[in-house]
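Student: I should like to learn how to read the features of a structure that is new to me. May we go through them one at a time?

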Amino acid sequence: MDGINLLDKKELINNDKNHLWHPFTQMKEWDQSEPLVIVEGQGNYLIDIDGKRYLDGVSSLWADIHGHGRTEINEAITDQLQKISHSTLLGLTHPNAVVLAQKLSQIAPENLKWVFYSESGSTAVEIAIKMAFQYWQNLGKIKKTGFICLEEGYHGDTIGAVSVGGIELFHNIYSPLLFKSYKAPSPYLYCKINKIPLDNGAEFCADEVKKLLEKHHEKIAALILEPLIQGAGGMLPFPPGYLNKVWQYCRKYDVLLIADEVAVGFGHTGTMFACEKENVKPDILCLGKGLTGGYLPLAVTLASDKIFNAFWSDYDELNSFFHGHTFTGNPLACAAAIASLDIFKKDQTLENLPAKINTLKEGLESLSALDFVGDVRQCGLMAGVEVFEDKNKQSPFPLKRRTGHNICLDVRKHGLILRNLGDVIVFMPPLTVTIDEIVHMIESVEKSIYKICK
Ligand SMILES: Cc1ncc(COP(=O)(O)O)c(C=O)c1O
């Protein structure tokens with residue numbers, strides 16, 4: 001690559017290992033590894049420092065929905081750079097923040113009109129939690145301070161988001177720091193444990209939420225969930241109809257619904273937003289990742305009139321939402337997001353998804369026949385393939401074997417980047433992925449599963 005020779009590569013890796021603390025990484029293991037240095041992106045491909053190309057099978061952590069290096073997004077950012085890179089939304093406004101807010105309110109579930117900006121999925125969730133909490137305080141229902149969430153749920157890594165998270169491996173150690181939340185079972189696992197077919201599990205699982213609401217609703221501000229599929233928990237889809245039932249129960253018991261679409265939003269499930277599939281209108285919606293096409297850090301928390309109006313008063317009543325970050329609504333990031341939304345129309349992105357989703361489905365069916373594959377799960381273009389040491393007994397590989405991790409390292413030899421969640425191999429390609437590329441992903445994973453699991 002330009003200006004980087006082999007010596008530079010060694011030095012770069014050396015400096016990385018001496019200074020850079022990587023997220024979600026055991027650094028001892030990293031130190032012993034041969035890191036892949038990505039220097040460029042072209043369409044659906046990442047290119048490493050040696051010029052080797054890899055299909056970006058997890059869309060750069062579920063964000064890069066239209067592929068890398070899209071001219072439309074690059075130009076929108078560079079045009080904005082000529083004007084101004086940053087100006088605050090505290091006490092001022094700017095055109096990109098206004099235009100994007102208007103566009104989002106037009107495409108979001110119809111009741112969501114108000115857009116509050118931040119920079120990451122975690123902060124979008126943090127804001128949703130504070131908004132829901134203060135909503136009830138402002139209305140004088142001061143006992144409604146609690147939250148219901150789902151086991152295996154993931155909403156980010158900040159303390160509020162972890163408090164409503166349900167992944168023991170990530171969250172347990174921080175428990176003394178967290179506020180208490182009420183946890184309903186993860187619907188997928190609850191169906192599995194109780195041997196209820198997923199297709200018939202909606203009522204059965206939503207009943208558990210209903211029991212919590214019946215008992216605690218007077219103390220509950222909101223229920224938060226990832227609509228249709230729990231992502232970081234291991235790609236665990238909901239029984240069809242569950243989301244809508246939970247929404248109905250929230251309405252019945254006067255509890256707000258926060259839909260965290262940070263992962264599932266912007267087409268990954270086949271529709272622009274996952275809530276659309278079950279005609280659910282949440283009170284608060286969190287979006288991030290794909291919002292800017294995955295180009296810059298930007299997130300939003302959308303709220304309905306009902307929420308917004310509870311904050312509307314004379315200043316001295318102190319009902320304002322006292323929250324805001326330095327880079328809230330950054331103009332460059334908003335420009336990228338506007339361009340990304342335009343691409344959906346131009347490329348007919350959503351219209352092109354059904355054929356891709358179907359090819360992924362067929363590929364997963366073929367993988368499910370393999371010796372070590374004990375479960376395959378899919379929602380739109382999101383999928384998980386879970387490997388077990390003994391498929392029939394569904395007994396896991398020992399943690400030390402790092403099976404999922406090693407499968408993902410091995411698929412790199414086939415020119416593919418994937419990332420595992422434990423022993424679940426995750427597929428979440430860009431929405432621009434082609435049918436041939438999906439077939440390539442499936443074939444590569446098949447080869448690597450055989451090699452690593454034997
Ligand atoms: C559903 C969900 N919510 C929130 C987050 C946190 O987003 P971020 O990593 O941008 O803080 C994630 C990240 O994976 C997510 O999947």
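**The ligand and its surroundings**

Tutor: Let us begin with the ligand in this predicted model. The residues around the ligand are W62, S120, G121, S122, Y154, H155, G156, E226, D260, V262, A263 and K289.

Student: How do the residues of this shell divide into nonpolar, polar and charged?

Tutor: The shell around the ligand holds 4 nonpolar, 5 polar and 3 charged residues.

Student: Which N or O atom in a side chain is 2.7 Å from a nitrogen atom of the ligand?

Tutor: That atom belongs to the side chain of D260. Oxygen atoms of the ligand have polar neighbours as well: a polar side-chain atom of S122 lies 2.6 Å from one oxygen atom, and a polar backbone atom of G121 is 2.8 Å from an oxygen atom. On its own, the ligand has 390 Å² of accessible area, and the protein covers 83% of that area.

**Strands and sheets**

Student: How should I read the pairing of strands?

Tutor: Strands of a sheet pair through backbone hydrogen bonds, and the pairing is either parallel or antiparallel. Here, strand β13 (residues 373-379) and strand β14 (residues 382-387) run antiparallel and are joined by 6 bridges. C379 has M382 in β14 as its bridge partner.

Student: How many residues lie between β13 and β14 in the hairpin?

Tutor: There are 2 residues between them, and G380 in the turn has a positive phi of about 60°.

Student: What is the order of the strands in the open sheet of 4 strands?

Tutor: The order is β1-β2-β3-β15, with mixed pairing. Each of β1 (38-42) and β15 (416-417) stands at an edge with a single partner strand, so one side of each is left without a neighbour in the sheet. Within this sheet, β2 (residues 45-48) and β3 (residues 53-56) run antiparallel, joined by 3 bridges. Y45 stands opposite L55 in β3.

**The second largest pocket**

Student: What is the volume of the second largest pocket, and which residues lie nearest its centre?

Tutor: The volume is about 710 Å³. The pocket is lined by 25 residues, and those nearest its centre are W114, V115, F116, F308 and F321. Two or more lining residues come from each of α5 (95-107), β4 (112-118), β12 (299-304) and α12 (305-309).

Student: Which element gives the largest share of this lining?

Tutor: β4 does, with 5 residues. By class, the lining of the second largest pocket consists of 17 nonpolar, 7 polar and 1 charged residues.

Terms used. Residues numbered from 1 in each chain as written. Predicted model: local features only at pLDDT ≥ 70, side-chain atom pairs only at ≥ 80, totals over all residues. Heavy atoms only, no water. Near = heavy atom within 4 Å. Polar contact = N/O pair within 3.5 Å; in protein donor to acceptor, adjacent residues only side chain to side chain. Areas by Shrake-Rupley, 256 points an atom, 1.4 Å probe, with all protein chains shown as cover. Nonpolar A, V, L, I, M, F, W, Y, C, P; charged D, E, K, R; others polar. Pairing = 2+ DSSP bridges. 1 Å grid on protein atoms, 1.4 Å probe; cavity = no way out; pocket = protein on both sides within 12 Å on 5 of 7 lines; lining within 4 Å. Points joined across faces, edges and corners; volume = space filled by probe spheres on them.
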